Number of protein chains: 2
Amino acid sequence: MADRLNVCIIGSGNWATTIARNVGNNVANSQLMEPKVNMYVYEEIIEGRKLTEIINSTHINVKYMPDFVLPMNIVAYDDVVTTARDADILIFAIPPTFVNSCCKTLLGKVKPLAHAVSLIKGFERGDDGQILLISHLIMRQLKIPCSVLVGCNLAHEVSNNNFAEGTIGCRDQKYMRILQDLFKSNTFRVVVTDDADCVEICSTLRNIIAFGAGLADGMELNENTKAGVIRRGFLETLQFVDVFYPGSRLATFFESCGLSDLVTSCYANRNRKLAEAFVKTGQPLNELESLLVPGHEPLGPVTAELVHIMLKKKGLEEKFPLFTAVFRICTGVYPLSRLVETLRYAREDIYHPNHIFPL
Amino acid sequence: MADRLNVCIIGSGNWATTIARNVGNNVANSQLMEPKVNMYVYEEIIEGRKLTEIINSTHINVKYMPDFVLPMNIVAYDDVVTTARDADILIFAIPPTFVNSCCKTLLGKVKPLAHAVSLIKGFERGDDGQILLISHLIMRQLKIPCSVLVGCNLAHEVSNNNFAEGTIGCRDQKYMRILQDLFKSNTFRVVVTDDADCVEICSTLRNIIAFGAGLADGMELNENTKAGVIRRGFLETLQFVDVFYPGSRLATFFESCGLSDLVTSCYANRNRKLAEAFVKTGQPLNELESLLVPGHEPLGPVTAELVHIMLKKKGLEEKFPLFTAVFRICTGVYPLSRLVETLRYAREDIYHPNHIFPL
């Protein structure tokens with residue numbers, strides 16, 4: 001029998017902890033996998049005890065998920081190299097801003113044939129000011145392939161065993177089934193595609209659209225306008241992927257990473273709330289961000305900024321009127337009223353998915 | 001110069017009255033159109049006066065839109081034949097159950113080269129128990145082509161000059177621009193396609209999906225589940241159109257009649273509320289329907305029933321698990337819990353739009 005695959009999880013926040021239950025249970029029931037899963041935990045002292053010790057003795061991540069019991073085969077370590085050095089599959093679930101330094105620490109210390117999976121929602125700012133997908137950053141730094149798992153799956157809903165879906169964008173054909181079996185559960189449905197860039201960028205662009213939807217909410221423009229923002233945002237997403245990540249497939253937009261994540265974000269997400277508050281209070285965005293959405297996930301305004309840089313380099317601002325309008329409203333260049341003007345006057349012909357993806 | 005086109009509106013409810021403002025203003029400013037627009041009003045006595053007389057003297061439809069002034073060139077008639085006999089374009093905006101009798105009255109009394117446009121959201125039950133699209137019913141009865149205008153455009157939002165979008169499915173190439181110019185306004189964006197069946201059936205199938213979303217809301221299954229219902233419903237819509245209205249185009253689903261109308265319905269629509277109440281109260285659907293949604297528009301349960309008849313005739317129930325589950329939950333054959341089971345176990349491969357619409 002071939003050697004079993006060893007899996008580790010790098011990260012110990014809500015989402016890392018939530019997914020650790022699925023991963024722990026799945027490897028324990030698999031003939032292909034090593035039953036023990038190492039988990040890298042950023043060490044903290046909680047009431048006089050180390051967090052790693054608490055997790056390893058009580059199987060509870062008291063810092064992030066105090067009501068949630070981890071499988072016994074998840075073992076916490078405070079050192080990322082110890083956690084990852086024997087792993088064949090490295091699951092990254094840390095804030096995007098920590099990825100670069102984490103990879104620098106790991107470079108040369110992981111198995112050369114290891115496969116990474118990013119569960120990170122967000123992106124980094126590339127040296128050129130453009131969006132750098134987290135999976136690209138990991139691949140560049142660690143020199144190993146990196147798949148992604150994103151989708152419409154709020155951690156607290158998954159941890160409560162509510163139904164949720166995720167999409168894996170897998171960069172190695174032979175890992176497609178392995179990764180699906182690693183993450184899925186009875187209530188967490190996982191669909192795998194090889195369209196990895198599209199999966200990841202969909203999940204990123206929705207931040208802009210949800211922010212736009214929140215602007216409409218803040219202006220109390222009602223359901224029709226919000227639906228217009230969502231529709232146009234979806235079409236600009238198709239077009240953006242076609243320009244910047246060519247070769248993507250239309251089917252990917254119908255997965256959880258696309259349609260589901262977009263719709264949910266436009267009704268429930270933090271970007272939406274941030275935009276609504278921006279309109280209603282008139283306060284600067286940076287003040288509201290730290291007030292309303294403390295954390296590490298990049299938000300609509302910064303996504304819009306980086307996307308704008310990418311569009312500008314290609315002279316495409318006018319072909320993406322919604323993305324452009326959201327950026328310029330964030331920076332005060334456009335008044336709020338420009339959001340609806342954009343929906344009213346945007347050219348229709350450039351958007352047709354039949355043009356982008358000829359049938 | 002060619003003869004100007006004469007336009008009439010058949011109906012005087014909220015939506016008929018709302019759109020009459022756009023139509024009245026647009027014909028008044030057009031070189032192609034007769035400036036006077038006849039409007040058929042179901043006669044009623046309001047505080048001792050005929051409704052048609054009130055409308056013609058005050059330009060206010062006191063019955064349905066008391067705060068809304070109609071253009072002066074909209075002239076009310078209490079007789080549908082008088083209203084329509086000189087018309088080149090007949091705009092139907094009456095409840096779906098009245099269409100059949102109205103067409104019988106009009107048969108042989110309208111211009112043989114007239115063009116109809118249905119603004120009716122809904123459908124009729126065909127003799128075979130299947131869905132009969134309203135535009136098909138009008139064409140069959142009146143022997144003239146019938147286009148449709150539907151989309152994400154709640155009457156009260158359009159009448160308040162909030163932004164909204166509509167989709168015209170046009171059955172005659174030479175009317176495409178004419179109809180767009182007839183209905184649009186600065187705040188009402190109208191996109192025209194020739195994919196008329198797809199436009200109309202999209203707008204119908206969303207009733208089932210919104211009902212499914214409401215079931216999820218009623219069970220308090222949270223955002224991820226609801227997003228799963230929307231995603232699956234969208235995919236089953238693609239597939240349903242492919243089976244029953246072949247030759248439709250994927251681009252049509254991205255218009256207001258598709259994505260926008262679906263999303264809005266799943267968050268704000270009466271079907272959603274009906275389903276939520278069905279779960280929370282346990283009362284029979286027919287009692288709740290008359291209580292919560294008095295009116296003429298067909299709702300999720302009856303849409304699901306007719307769709308189920310269509311699927312059953314082709315032996316396709318299992319290939320449309322969400323539509324089938326909603327129907328069977330409505331009739332008590334399935335327990336509520338089956339909704340999530342459906343999302344969990346539905347086969348993925350049958351849905352791929354790349355299969356349905358090969359790229």
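What follows is a short tutorial on a predicted model, looking at chain A and chain B.

Student: Let's start broad. How many helices and strands are there in chain A?

Tutor: Chain A has 359 residues, and 63% of them count as buried. Its C-alpha trace spans about 60 × 50 × 40 Å along the principal axes. As for secondary structure, the count for chain A is 16 helices and 14 strands.

Student: What radius of gyration does chain A have, set against a compact globule of 359 residues?

Tutor: The yardstick is the chain length: for 359 residues, a compact globule would come out near 21 Å. Chain A agrees with that expectation, so the value you want is 21 Å.

Student: And what share of the contacts in chain A between residues at least 6 apart in sequence join residues at least 24 apart?

Tutor: Start by setting aside the pairs that are less than 6 apart in sequence. Of the contacts left in chain A, the share joining residues at least 24 apart is 73%.

Student: Now the helices. At what angle do α9 and α15 of chain A pack?

Tutor: Two packed helices are described by the angle between their axes and the distance between the axes. Here the pair is α9(A), residues 222-244, and α15(A), residues 338-345, with axes 10 Å apart. The crossing of α9(A) and α15(A) is left-handed. The packing angle is about 65°.

Student: Which residues of α15(A) make the contact with α9(A)?

Tutor: On the α9(A) side you have A:Thr225, A:Gly228, A:Val229 and A:Arg232. Sorted by type, the residues of this contact come out as four nonpolar, two polar and one charged. Facing α9(A) from α15(A) are A:Leu339, A:Val340 and A:Leu343.

Student: Over in chain B, how far apart are the axes of α9 and α15?

Tutor: In chain B, α9 covers residues 222-244 and α15 covers residues 338-345, and they cross at roughly 65°. That crossing is left-handed. B:Thr225, B:Gly228, B:Val229 and B:Arg232 meet B:Leu339, B:Val340 and B:Leu343 there. The axes come within 10 Å.

Student: Back to α9 of chain A. Is A:Thr237 buried or exposed?

Tutor: A:Thr237 sits in helix α9 of chain A. Beyond its neighbours within four places in sequence, it contacts A:Cys202, A:Leu205, A:Ile209, A:Phe253 and A:Phe323. Its relative accessibility is 6%, and since the cut-off is under 20%, A:Thr237 counts as buried.

Student: Which residue supplies the backbone oxygen 2.8 Å from the side chain of A:Thr237?

Tutor: Look for a polar atom on the side chain of A:Thr237 and the backbone oxygen lying 2.8 Å from it. That oxygen belongs to A:Gly233.

Student: B:Thr342 has a side chain that reaches a backbone oxygen too. Which residue does that oxygen belong to?

Tutor: B:Thr342 is in helix α15 of chain B, and it is buried at a relative accessible area of 7%. Not counting residues up to four places away in sequence, B:Thr342 touches B:Pro321, B:Leu322 and B:Ala325. At 2.7 Å, its side chain reaches the backbone oxygen of B:Arg338.

Student: What is the phi of A:Glu220?

Tutor: A:Glu220 lies in the loop between α8 (196-218) and α9 of chain A. With 54% relative accessibility, A:Glu220 counts as exposed. Although A:Glu220 is not a glycine, its phi is positive, at about 55°.

Student: And what phi does B:Asn222 have?

Tutor: B:Asn222 belongs to helix α9 of chain B, and at 32% relative accessibility it counts as partly exposed. It is a residue other than glycine, yet its phi is positive: near 75°.

Student: Last one. How far apart in space are A:Ala87 and A:Ala114, C-alpha to C-alpha?

Tutor: A:Ala87 is in the loop between α3 (80-84) and β8 (89-92) of chain A, and it is buried, with a relative accessible area of 0%. Leaving aside neighbours within four places in sequence, A:Ala87 is in contact with A:Asn6, A:Cys8, A:Lys111 and A:Ala114. A:Ala87 and A:Ala114 are 27 residues apart in sequence, and their C-alpha separation in space is 6.8 Å.

Methods. Residues are numbered from 1 along each chain as its sequence is written. Chains are lettered from A and ligands numbered from 1 in the order in which they are written. This is a predicted model: local features need pLDDT of at least 70, side-chain atom pairs count only at pLDDT 80 or more; totals for chains, interfaces and linings use all residues. Side-chain values use heavy atoms; hydrogens and water are left out. Axes are lines fitted to C-alpha atoms, for helices over the stretch in contact, and angles run from 0 to 180 degrees between N-to-C directions. Helices (H or I, at least four residues) and strands (E, at least two) are DSSP runs, numbered from the N terminus. A crossing is left-handed if the near helix is turned anticlockwise from the far one by less than a right angle, and right-handed if clockwise. Contact means heavy atoms within 4.5 Å. Ala, Val, Leu, Ile, Met, Phe, Trp, Tyr, Cys and Pro count as nonpolar, Asp, Glu, Lys and Arg as charged, and the others, Gly among them, as polar. Buried means under 20% relative accessible area, exposed over 50%, partly exposed in between (1.4 Å probe, protein chains only). A polar contact is a pair of N or O atoms within 3.5 Å; within protein, one must be able to donate a hydrogen and the other to accept it, and residues adjacent in sequence count only if both atoms are side-chain atoms. The radius of gyration is taken over C-alpha atoms; the globule rule is 2.2 Å times the number of residues to the power 0.38.
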